[in-house]
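Welcome! Have a look at the sequence and the 3D view below, and then work through the exercises at your own pace.

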Amino acid sequence: MPSHQKLSELLDPPTTVLLTVECQEGVVGADSALPELAEAARSGGVLANVARLVAAAHAGGVQVVHAIAERRPDGRGASRNAPLFRAAARLPVQQLSGTPAVRVAAPIEVAREDLVVRRLHGLSPLQGTDVDPLLRNLGCRTLVVTGVSANVAVPNAVFDAVNRGYTAVVPADAIAGVPSHYTPAMVRHTLALVATVATTDDVLACFTRR
């Protein structure tokens, strides 16, 4: 884990953005299309930690961006080139634009100044979306990545952030994947090689100290 001073330097509010990844009702909510993932996010305290980070970011002047995955009811433009996409299309709960499934899930609060970016295709919150240009316009240098899943979207976000020149910070107890033992292995053996790994409390201490 980084020292408090080092992490505090990385998390300078004017150049830091907090990203929540797919923390939406249809993924981590009560009526999730992926109940095992929703259970991992809720029972392990991950969703609560994301909510704590968002609240602290709002109070500390750190920009929050919510990345939402959705698709049109007619499926136009949606990706079909991987088994994951084809399986998702058969799920009983669909992440359809304009439905409750694509709302940011409680207990996370969306403030007026937050940015909500929606994607209709692909696996990454950054690649092919408005997130990267928005981060650049905001003067972002450090991206704090939270949410789900540690299997796909979170590592995609971290890799894409690093490839684009941002410093990535991952609060390890604010991301979830399935099975539950996979997430710490992903953090230790993959994400720790390219991102600064911390805890929610570490990041909160930096946000609230300011």
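The exercises below go from the whole chain to its hollows and then to two residues.

This is a predicted model, in which local features need pLDDT of at least 70 and side-chain atom pairs count only at pLDDT 80 or more, while totals for chains, interfaces and linings use all residues. Residues are numbered from 1 along each chain as its sequence is written, and side-chain values use heavy atoms, with hydrogens and water left out.

**Exercise 1. Describe the overall build of the protein.**

Step 1: Begin with the secondary structure, which comes to 9 helices and 7 strands. Helices (H or I, at least four residues) and strands (E, at least two) are DSSP runs, numbered from the N terminus.

Step 2: Turn to the dimensions. The C-alpha trace spans about 50 × 35 × 30 Å along its principal axes. For 210 residues, a compact globule would have a radius of gyration near 17 Å, and the 16 Å of the protein agrees with that. This radius is taken over C-alpha atoms, and the globule rule is 2.2 Å times the number of residues to the power 0.38.

Step 3: Check burial and contacts. Buried residues make up 49% of the 210 residues; buried means under 20% relative accessible area, exposed over 50%, and partly exposed in between (1.4 Å probe, protein chains only). Among contacts (heavy atoms within 4.5 Å) with a separation of 6 or more, 82% join residues 24 or more positions apart.

**Exercise 2. Find the largest pocket and say what lines it.**

Step 1: Settle the terms. On a 1 Å grid over the protein atoms alone, a pocket is an open set of points with protein on both sides within 12 Å along at least five of seven lines, whereas a cavity is a set where a 1.4 Å probe fits but cannot get out; lining residues have an atom within 4 Å of a point. Points are joined across faces, edges and corners, and a volume is the space filled by probe spheres set on them.

Step 2: The largest pocket holds about 800 Å³ of space. Of its 34 lining residues, E22, L34, L84, F85 and A88 are the closest to its centre.

Step 3: Helix 5 (83-88) is among the elements that supply at least two lining residues, and the largest share, 5 residues, comes from helix 5.

Step 4: Sort the lining by class: 19 nonpolar, 8 polar and 7 charged residues. Here Ala, Val, Leu, Ile, Met, Phe, Trp, Tyr, Cys and Pro count as nonpolar, Asp, Glu, Lys and Arg as charged, and the others, Gly among them, as polar.

**Exercise 3. Now look at the largest cavity.**

Step 1: There is 1 cavity of 30 Å³ or more, and the largest cavity has a volume of about 40 Å³.

Step 2: Its lining is formed by A67, I68, V117, R118, R119, P125, T129 and V131. Strand 3 gives the largest share, 3 residues.

**Exercise 4. Are L10 and D132 buried or exposed?**

Step 1: L10, found in helix 1 (residues 4-10), has a relative accessible area of 15% and is therefore buried. Beyond residues up to four places away in sequence, L10 touches T16, T142, T167, V169 and T196.

Step 2: D132 sits in helix 6 (residues 131-137) and counts as buried at 14% relative accessibility. Leaving aside neighbours within four places in sequence, D132 is in contact with R164 and Y166.
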